[in-house]
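This report covers one predicted model. Keep the sequence and the 3D view at hand while reading.

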Protein chains: 2
Amino acid sequence: MKALVLEETNTPLIYKEVEHPLESVGHQIVELRAAALNHRDVWIRKGQYARIKLPVILGSDGAGFAGDRPVIINPGMQWGDRMDVQGDDFHILGMPTNGTFAQRVSVPDNQIYDMPEHLSFEEAASIPLAGVTAWRAVVTQGQVKPTDRVLITGIGGGVAQWAMQFALSKGAHVSVTSGTPAKLERAMQAGAHGGYDYHDVEWTKHAREEGGFDLVIDGAGSTGLAQVMKICNPGARLVIYGGTAGPIPALSPQVLFWKQLHIIGSTMGSPSDFQDMITWIRDQRIVPILDRVFPLEEGSAAFDRMSEGLQFGKIILQIPA
Amino acid sequence: MKALVLEETNTPLIYKEVEHPLESVGHQIVELRAAALNHRDVWIRKGQYARIKLPVILGSDGAGFAGDRPVIINPGMQWGDRMDVQGDDFHILGMPTNGTFAQRVSVPDNQIYDMPEHLSFEEAASIPLAGVTAWRAVVTQGQVKPTDRVLITGIGGGVAQWAMQFALSKGAHVSVTSGTPAKLERAMQAGAHGGYDYHDVEWTKHAREEGGFDLVIDGAGSTGLAQVMKICNPGARLVIYGGTAGPIPALSPQVLFWKQLHIIGSTMGSPSDFQDMITWIRDQRIVPILDRVFPLEEGSAAFDRMSEGLQFGKIILQIPA
């Protein structure tokens with residue numbers, strides 16, 4: 001079969017013929033039709049990830065056929081018994097085990113879910129990792145309500161976009177931030193009610209005057225979060241799913257306890273988060289936002305696009321039958 | 001009636017004859033038999049509080065008779081409709097309105113609760129403000145479970161001691177910290193399973209080896225909290241009810257999201273927190289920890305004792321009939 005293989009970090013991925021995955025008990029072979037990129041893939045290629053084992057077929061997100069059944073794959077493996085946190089054996093498809101940037105992948109039976117009927121394979125492939133991370137952040141941990149004023153920071157990212165779509169579909173008032181005006185515009189077109197350019201030194205002042213926030217979904221950390229805390233309404237929840245911008249500096253315990261804020265760490269999602277998300281996407285007929293579709297053999301160009309950070313929506317790899 | 005009056009900040013309280021509180025519709029006069037000190041009273045006397053109005057009778061905690069019914073007073077006034085956070089009109093008895101360091105106080109009907117029968121007035125007076133703050137932190141926000149390993153920092157404080165008693169009565173494994181070995185010993189005598197002197201540079205190492213923590217109740221903030229976060233178990237909740245030690249420095253978003261920690265601000269408690277706490281104390285026959293009982297007229301000496309920070313348990317004022 002054809003696959004996109006990472007043989008050495010910091011080198012382009014190689015599109016090549018590799019062995020089929022082996023059949024094994026309790027596993028199924030999924031014939032992939034589409035996959036999607038995540039920052040995780042880019043970080044692994046750059047060597048910025050723990051315990052990298054090479055060579056490997058990257059890719060956590062995929063959709064295709066299990067037999068003649070259209071399916072998507074839940075890439076969060078061995079979550080464990082507790083719903084509030086993943087166990088020690090938790091890991092993600094596509095390192096150390098081979099992932100979805102290939103014609104076939106072997107995954108445990110219980111990682112396979114029916115694909116929502118209204119979606120193409122390309123659209124479905126955009127869901128798994130970013131989608132479940134956003135779902136857990138917004139719904140399971142953030143407990144979004146229709147009356148909430150929601151802020152989603154860094155709307156360029158895949159998790160942020162899914163978070164926006166889930167919060168909108170739950171009936172909340174949704175604002176977003178970005179450093180790129182074009183991304184703010186795209187978000188408004190997709191239904192966001194407000195957008196703030198975080199280069200504008202007065203953005204928090206405007207946001208506060210416009211009513212503050214009851215729920216914040218943030219993947220950056222750093223000073224941005226400390227600023228945002230000040231414009232949170234009493235009882236607000238701040239859900240943190242990433243820390244790309246670095247440590248969160250000096251938080252005021254007084255603001256935290258007097259406003260009874262909740263700062264909640266969230267990562268990926270449990271099997272029930274995944275099932276609930278798929279059901280919601282199907283029932284609400286939510287259509288994912290795609291940036292661009294590349295053929296699998298042009299995977300290296302897709303990685304370059306992601307590294308540049310210019311995308312809005314998920315970057316998809318189309319996989320030949 | 002006799003009362004302890006603050007006429008000017010940074011001067012001793014004056015024990016003197018004052019006018020009876022006025023009868024008014026929807027209010028009751030409670031004939032107080034005991035009151036308790038809180039740090040709030042000390043801070044107001046020192047002028048370290050917002051919007052101080054003088055002269056005032058201080059005191060948030062009190063127990064006595066409403067008619068011939070033994071009662072305790074809930075000092076959290078006008079909490080509001082939301083259970084997750086207090087409203088804008090929320091305030092605490094004993095500034096700006098006259099408080100419990102007097103023979104009588106006028107309070108709204110719905111602030112009065114039956115006193116648990118197994119307690120003396122002195123014991124009952126030790127409950128309200130510290131008790132409800134601890135109850136909300138440990139139970140309502142912290143959702144303590146019998147399987148939890150709980151850490152309560154700064155066991156000298158009134159909230160910390162109530163938190164310890166509530167967590168123990170819920171069946172949890174409870175450890176405490178203090179900078180004073182004698183207080184650690186007292187806590188162990190009162191049932192705590194472990195105690196750490198935070199001057200010991202290796203205390204977090206020991207605590208981690210002994211199993212870490214699932215729930216942390218902290219009133220200090222600062223570097224202590226950042227240290228403690230590192231020895232929290234996955235899924236742990238850190239409830240912050242105060243910030244006496246200053247801002248919380250640089251938190252790692254990675255630790256926060258990967259462990260799916262919850263950092264929760266908590267302050268005082270709602271009317272239902274108060275009712276639930278009183279019911280629990282009555283049903284479990286919990287006996288408060290008292291430090292020392294002063295007659296009301298020696299109130300100034302009681303304030304000095306609290307300022308010195310030597311107490312273990314609540315400092316009580318006995319009020320003459």
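Which residue of S4(A) does Leu6(A) stand opposite? Leu6(A) faces Val56(A) in S4(A).

The model is predicted: local features need pLDDT of at least 70, side-chain atom pairs count only at pLDDT 80 or more, and totals for chains, interfaces and linings use all residues. Residues are numbered from 1 along each chain as its sequence is written, while chains are lettered from A and ligands numbered from 1 in the order in which they are written.

## The open sheet at the start of chain A

Helices (H or I, at least four residues) and strands (E, at least two) are DSSP runs, numbered from the N terminus. Two strands pair if DSSP finds at least two bridges between them. On that basis, three strands of chain A form an open sheet in the order S2-S1-S4, with antiparallel pairing. Its edge strands are S2 (14-17) and S4 (56-57), each pairing on one side only. Strand S1 (residues 2-6) pairs with S4(A) over two bridges, in the antiparallel sense.

The loop between S1 and S2 of chain A holds Asn10(A). Phi of Asn10(A) is positive, near 65°, and the residue is not a glycine. Burial is counted from C-beta atoms placed from the backbone: a residue is buried if 20 or more others lie within 10 Å of its own, exposed if 12 or fewer, and partly exposed in between. Asn10(A) has 9 C-beta neighbours inside 10 Å, so Asn10(A) counts as exposed.

A long-range pair involves Pro12(A). Asp304(A) and Pro12(A) lie 292 residues apart in sequence but 9.4 Å apart in space, C-alpha to C-alpha. Asp304(A) sits in helix H10 (residues 299-308) of chain A. Asp304(A) counts as exposed because it has 12 C-beta neighbours inside 10 Å.

## Strand S11 and its partners

Strand S11 (residues 149-152) of chain A is covered on both faces. Arg149(A) and Leu151(A) are buried on one side, Val150(A) and Ile152(A) on the other. In a regular strand the side chains alternate between the two faces of the sheet.

S11(A) runs parallel to strand S12 (residues 173-178) of chain A, joined by four bridges. Ile152(A) stands opposite Val176(A) in S12(A). From S11(A) the chain passes through helix H4 (residues 158-169) of chain A to S12(A), a right-handed β-α-β crossover. Right-handed means that, with the strands pointing away from the viewer, the path from the first strand over the helix to the second runs clockwise. S11(A) also pairs with strand S14 (residues 213-218) of chain A, in the parallel sense, over three bridges. There, Leu151(A) has Val216(A) as its bridge partner.

## A kinked helix

Helix H3 (residues 128-141) of chain A has a kink of about 25°, centred on Trp135(A). The bend at a residue is the angle between axes fitted to the seven residues ending there and the seven starting there. H3(A) is largely enclosed by the rest of the structure, because 13 of its 14 residues are buried. Gln143(A) follows H3(A) and has a positive phi near 50°.

## Cis peptide bonds

Most residues other than glycine have a negative phi, and most peptide bonds are trans. Two cis bonds are tabulated here.

| Cis peptide bond | Omega | Place of the proline |
|---|---|---|
| Met95(A) to Pro96(A) | about 0° | loop between S8 (91-92) and S9 (104-108) of chain A |
| Met95(B) to Pro96(B) | near 5° | loop between S8 (91-92) and S9 (104-108) of chain B |

## How the two chains meet

Copies are superposed by least squares on the C-alpha atoms of residues with pLDDT of at least 70 in both. A turn of 180° and a shift of 0.0 Å along the axis lay chain A on chain B with an RMSD of 0.0 Å. That is the relation of a two-fold axis. In chain A, the C-alpha nearest the axis belongs to Ile263(A), at 2.5 Å.

Residues are in contact if their C-beta atoms, placed from the backbone, lie within 7 Å. By this test, 30 residues of chain A are in contact with 30 residues of chain B. On the chain A side, strand S15 (232-240), helix H8 (253-258) and strand S16 (262-265) each supply at least two residues. H8(A) gives the most, with five.

S16(A) and strand S16 (residues 262-265) of chain B run antiparallel, joined by three bridges. His262(A) stands opposite Ile264(B) in S16(B).

Note on methods: Contact = placed C-beta atoms within 7 Å.
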